Amino acid sequence: MDKKQNSLNGKKSTYERKTEQLLYARKGIALRMEALEEKLTLLRALRDMEPQEKSLVACREKPMKETCNDLIYLLPEAADTVAKMVYQTKCALARERLAANQIDNAVNALRDDPYFSILQLKYAEGMPEEEIAYQIHCDPSTVRRNKNRLLKRLAVIFFGIAVMETAG
């Protein structure tokens, strides 16, 4: 079965599935940015410590996980590692902000659509389609149809012409 038939049969394209993944990931990206901001604050405080205080602190170069728990109190040779971790954390935060901004800008481009609230209710609040239908006073099939239509529009915004090329 070709991709055009999949679309006609109600099956989502790869781009529509990826678009849904991005929408669902937005909340997690926000949490990740908060954690990175907190880590950066701690690292900057560590970097700005007086030299005698720094002798009490060290950082793992390869943390077990990306949290503020990367700071440990053991070794005196921490200054270069702290500077490196500040840089790496800034880079990670910039990537997360870019992703969040791209998602927000794409979603905001559809704000004038009469069924825009479906995106917010479904992907930001995690509401099932039946509840969305009840909330906006329409049939669940209307929710599904318009959600899929909005996903297709978002997929074009996220992935460009490649979406159209695979549509048949």
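**View 1. Helix α5 and its buried residues.** In this predicted model, α5 buries I118, L119, L121, K122 and Y123. What do the buried residues of α5 pack against? Their partners are α2, α6 (129-136) and α7. Just past the helix, look for G126: this glycine follows α5 and has a positive phi, near 70°.

**View 2. The largest nonpolar core.** This core holds 23 residues, and those with the most contacts inside it are L23, V107, L110, L119 and L154. Elements giving two or more residues to the core are α2, α4 (79-108), α5 (117-124) and α7. Which of them gives the largest share? That would be α4, with nine residues. Zoom in on L23 and, leaving aside residues up to four places away in sequence, you'll find it touching I103, V107, L119, Y123, L151 and L154. Apart from this core lies another one, of six residues, including I118, L121, M127 and A133.

**View 3. K147 and its salt-bridge partners.** K147 is well worth a close-up: its side chain meets that of E20 in a salt bridge, 3.9 Å from N to O. K147 belongs to helix α7 and E20 to helix α2, so this pair ties together parts that are 127 residues apart in sequence. Are the two residues buried or exposed? Both K147 and E20 are buried. K147 also meets the side chain of E129 in a salt bridge, this time at 2.9 Å, N to O. With E129 sitting in helix α6 and K147 in helix α7, the pair ties together parts 18 residues apart in sequence. The relative accessible area of K147 is 5%, so K147 counts as buried under the 20% cut-off. E129 is buried as well, at 12% relative accessibility. Step back a little and you get one network: E20, E129, R144 and K147 are joined by salt bridges that share partners.

**View 4. The E37–R97 salt bridge.** Here the closest N and O atoms of E37 and R97 are 2.2 Å apart. The pair links distant parts of the chain, with E37 in helix α2 and R97 in helix α4, 60 residues apart. E37 is partly exposed, with 29% relative accessibility, and R97 is partly exposed too, at 41%. Over the model, the salt-bridge count comes to eight.

**View 5. Aromatic rings around Y15.** How many aromatic pairs are there? The count is three. One of them joins Y15 and F159, with ring centres 5.2 Å apart and planes at 45°, a tilted arrangement. Y15 lies in helix α2 (residues 14-47) and F159 in helix α7 (residues 140-159), so the pair ties together parts that are 144 residues apart in sequence. Y15 is buried, at 19% relative accessible area, whereas F159 is partly exposed, at 27%. Add F158 to the picture and you have the whole cluster: Y15, F158 and F159.

**View 6. A nonpolar patch on the surface.** V156, I161 and M164 make up a nonpolar surface patch of about 280 Å². V156 is placed in helix α7 and is partly exposed, at 31% relative accessibility. For context, the protein chain exposes about 10800 Å², with carbon and sulfur atoms supplying 54% of that area.

**View 7. The chain as a whole.** Zoomed out, the protein chain shows eight helices and two strands, running α-α-α-β-β-α-α-α-α-α from the N terminus. Of its 168 residues, 31% are buried. Among contacts with a separation of 6 or more, 63% involve residues 24 or more positions apart.

How values were computed:
Residues are numbered from 1 along each chain as its sequence is written. This is a predicted model: local features need pLDDT of at least 70, side-chain atom pairs count only at pLDDT 80 or more; totals for chains, interfaces and linings use all residues. Side-chain values use heavy atoms; hydrogens and water are left out. Rings of Phe, Tyr and Trp (its six-membered ring) pair if their centres lie within 6.5 Å; planes under 30 degrees apart count as stacked, over 60 as edge-to-face and the rest as tilted. Helices (H or I, at least four residues) and strands (E, at least two) are DSSP runs, numbered from the N terminus. Buried means under 20% relative accessible area, exposed over 50%, partly exposed in between (1.4 Å probe, protein chains only). Patches are made of residues with over 30% relative accessible area and no salt bridge: like charges are joined within 9 Å, nonpolar side chains (Val, Leu, Ile, Met, Phe, Trp, Tyr) within 5 Å. Accessible areas come from the Shrake-Rupley method with a 1.4 Å probe; for residues, only the protein chains shown count as cover. A salt bridge is a side-chain nitrogen of Lys or Arg within 4 Å of a carboxyl oxygen of Asp or Glu. Contact means heavy atoms within 4.5 Å. A nonpolar core is a set of buried Ala, Val, Leu, Ile, Met, Phe, Trp, Tyr and Cys residues joined through side-chain atoms within 4.5 Å.
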